[in-house]
Amino acid sequence: RSIIPIDKKDLDSPQATEFYRLQTNVKFALFSDEPIRTLMITSSLPKEGKSMIIAYFALVMANVMNKKTLLVDADMRHPSLDIQFGFKADYGLTDLIVDSKSIDECIHKTEVENLNILPCGTKPPNPAALIASQKFKDLIEKLKERFDLVLFDSSPVYPVADASLLSANVDAAILV
């Protein structure tokens with residue numbers, strides 16, 4: 001189900017207020033001596049709302065903070081961000097890691113200014129191996145060169161190791 005298009009007036013809804021609060025808390029970390037450039041959001045179990053939360057958080061950060069934001073679907077087991085934003089992507093994160101596609105082929109602009117999506121792409125047989133790879137770490141560095149803020153939607157902490165592996169490569173994590 002698509003959460004786009006979103007109008008700026010929708011960001012004044014009571015539901016959006018909580019995302020403003022989250023944005024305010026993160027904003028202080030963004031302007032610290034060592035600012036947050038990469039952030040992951042995960043949950044303890046599936047179906048706790050982490051993908052919806054990171055999608056709206058990305059909307060607020062891109063729109064309100066005017067940060068060039070990239071939302072990465074790193075939940076390679078159950079990707080959903082492309083569908084939430086109203087499109088189906090054939091290529092994405094996994095295709096970048098295995099060098100089958102370029103960054104420009106995989107990143108999608110949204111209708112929201114400053115917000116881009118890097119969908120999961122081809123579902124891999126072993127997501128943990130891709131997340132633990134040097135190519136994934138190198139890709140994060142390339143993405144940080146292009147964007148002010150890179151947000152990762154991660155797999156839940158239980159029952160797989162993906163979120164733990166990803167957390168070692170980002171500046172901060174939020175557990176929903």
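Visitor: Which residue of H7 that Phe152 touches is also the one numbered lowest there?
Guide: This is a predicted model, and in it Phe152 touches residues such as Leu39, Ile54, Val72 and Leu166, leaving aside those up to four places away in sequence. Phe136 and Ile140 are on that contact list too, and both are buried in H7. The name you're after is Phe136.

Visitor: How many residues does the largest nonpolar core have?
Guide: Phe152 is in there, along with Leu93 and Leu118, as one of those with the most contacts inside the core. Strand S2, H7 and strand S5 are among the elements that each supply at least two residues, and the largest share, four residues, comes from H7. The whole core has 25 residues.

Visitor: Within what arc do the buried residues of H7 fall?
Guide: Phe136, Leu139, Ile140, Leu143 and Lys144 are the buried ones in H7. Looking down the axis, they line one face of the helix, because they fall within an arc of 140 degrees.

Visitor: Is Asp162, the partner of Arg77 in a salt bridge, buried or exposed?
Guide: The closest N and O atoms of Asp162 and Arg77 are 2.8 Å apart. The pair links distant parts of the chain, with Asp162 in helix H8 and Arg77 in the loop between S2 and helix H3. Arg77 is partly exposed at 27% relative accessibility. Asp162 has 0% relative accessibility, so it counts as buried.

Visitor: How many residues apart in sequence are the parts that Asp99 and Lys135 tie together?
Guide: Their side chains meet in a salt bridge at 2.9 Å, N to O. Asp99 lies in the loop between H4 and H5, while Lys135 is in helix H7, so the parts tied together are 36 residues apart.

Key. Residues numbered from 1 in each chain as written. Predicted model: local features only at pLDDT ≥ 70, side-chain atom pairs only at ≥ 80, totals over all residues. Heavy atoms only, no water. Buried < 20%, exposed > 50% of the residue type's maximum accessible area, 1.4 Å probe, protein only. Arc of directions from axis to C-beta. Core = buried A, V, L, I, M, F, W, Y, C linked by side-chain atoms within 4.5 Å. Contact = heavy atoms within 4.5 Å. Salt bridge = Lys/Arg side-chain N within 4 Å of Asp/Glu carboxyl O.
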